[in-house]
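Subject: Structure for your review

Dear colleague,

Please find below the structure I agreed to pass on to you. My notes on it follow directly after.

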Amino acid sequence: MLVCLLPASVLFAVFMIVPTVNVFRMSLYTWSGFSPDMRFVGLDNFRHLLDDQQFVRAFQNTIALLVVVTVVTMGMGLFLAAIMTRQRLRGRNLYRFVLYIPNVLSVVVIAAIFSAMYDQENGLLNGTLRLLSLDGLQQVWLGDQKVVLYSVAIAMVWQSLGYYMVLYMSSMAGIPEELYEASALDGASPARQFFALTLPLIWENLRTTLTFFIMSAVNLSFVLVRAMTGGGPDGSSEVLLSYMYKQAYTNSSYGYGMAIGVVIFAFSFLVSLLVSRATRREPLQF
Amino acid sequence: MPNMKESTRTALLVAVRTLVAAACVTLVVTARTTVGWGNLLVMLAALAGLLALLASYNRRFR
């Protein structure tokens, strides 16, 4: 029996445990990433993090994206899924298809689409505002420090909304129709049915997607930021992973980059654990 | 409040929870505008607030 587990255990150790341990180990060294000189510096890299305002900004941006994108995507995803499942909408398969398409596209393609939409002169957004004589609302969407992170957040929501909607729809479709009929006979409104029936019965699915949201806030934001803004202007759209990447591979501070990696690991792990604890409940049988 | 009707109590609880959630999200958005450890801690506290809210909503279903 144990022999059967050996190949998987070896693969897991080589590709998961060893690299993770190495990230922790490398965070205690200064190393350029290329030279043979590696110097043990203990917790110095973490001490430097405390004085690094750019790291603090990247951390703040990551939390902002985590909260805003999760709340908006989850709210819209649940709302759309409930409408698509419960209401007899004409052409709902078309809506589902259209909303799901962004998830099939590469994130870099999405970044290119949104960069073109946000273009200051010829972009769809500013062009539409000009057409509607709303010139005052025009923005430098990817060049204004106050706006840029939310421009990225909109792209993140657009990319993932269809995916979460389909996930919620699949679990909502599994709820027996009789339960809704019985609650309707008892006088429950559609809103009441949603909160008292639908939400509890898709709770396990919601729990899973919450973990997905944490992972995508950390991972997907990196790709979009890298492709759309490069962290700019002046680092105002930097997120933790893009800052780690910059330090480790552009700034030749590999050890410092790994220290940021340790913080990302600890943060993601802790938030996922807390979400899991906060949402744990006895699964409902139906 | 022992004399309060059950439905009123539920409505009040939902309203309070919605307000607290909105306040936490607003706190995250406003605290981001200034860079600093203090503001980062405020954002983390708001995130913890949202998680606490989720836990309090979930408690009666455990």
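I begin with the surroundings of one helix in this predicted model. The buried residues of α9(A) pack against four helices of chain A, namely α3 (53-86), α7 (148-173), α8 (177-185) and α10 (203-228), and also against α2 (37-59) of chain B. Helix α9 itself covers residues 190-201 of chain A, and its buried residues are Gln193(A), Phe194(A), Leu197(A), Thr198(A), Leu199(A), Pro200(A) and Leu201(A).

The partner in that packing, chain B, contains 2 helices and 0 strands. Its radius of gyration is 15 Å, whereas a compact globule of 62 residues would have a value near 11 Å. The C-alpha trace of chain B spans about 45 × 25 × 15 Å along its principal axes. Of the 62 residues in chain B, 21% are buried. Carbon and sulfur atoms account for 69% of the accessible surface of chain B, which comes to about 4,100 Å².

The largest pocket holds about 1,700 Å³ of space. It is lined by 45 residues, and those closest to its centre are Phe195(A), Leu199(A), Arg17(B), Leu54(B) and Tyr57(B). Two or more lining residues come from each of α3, α9, α10 and α12 (254-279) of chain A, and from each of α1 (6-31) and α2 of chain B. Helix α1(B) gives the most to this lining, with 14 residues. In terms of class, the lining comprises 35 nonpolar, 5 polar and 5 charged residues. Leu199(A) thus appears in both parts of this account: it is among the buried residues of α9, and it is one of the residues closest to the centre of the largest pocket.

With kind regards

Notes. Residues numbered from 1 in each chain as written. Chains lettered and ligands numbered in written order. Predicted model: local features only at pLDDT ≥ 70, side-chain atom pairs only at ≥ 80, totals over all residues. Heavy atoms only, no water. Rg over C-alpha atoms; globule rule 2.2 N^0.38 Å. Buried < 20%, exposed > 50% of the residue type's maximum accessible area, 1.4 Å probe, protein only. Areas by Shrake-Rupley, 256 points an atom, 1.4 Å probe, with all protein chains shown as cover. Contact = heavy atoms within 4.5 Å. 1 Å grid on protein atoms, 1.4 Å probe; cavity = no way out; pocket = protein on both sides within 12 Å on 5 of 7 lines; lining within 4 Å. Points joined across faces, edges and corners; volume = space filled by probe spheres on them. Nonpolar A, V, L, I, M, F, W, Y, C, P; charged D, E, K, R; others polar.
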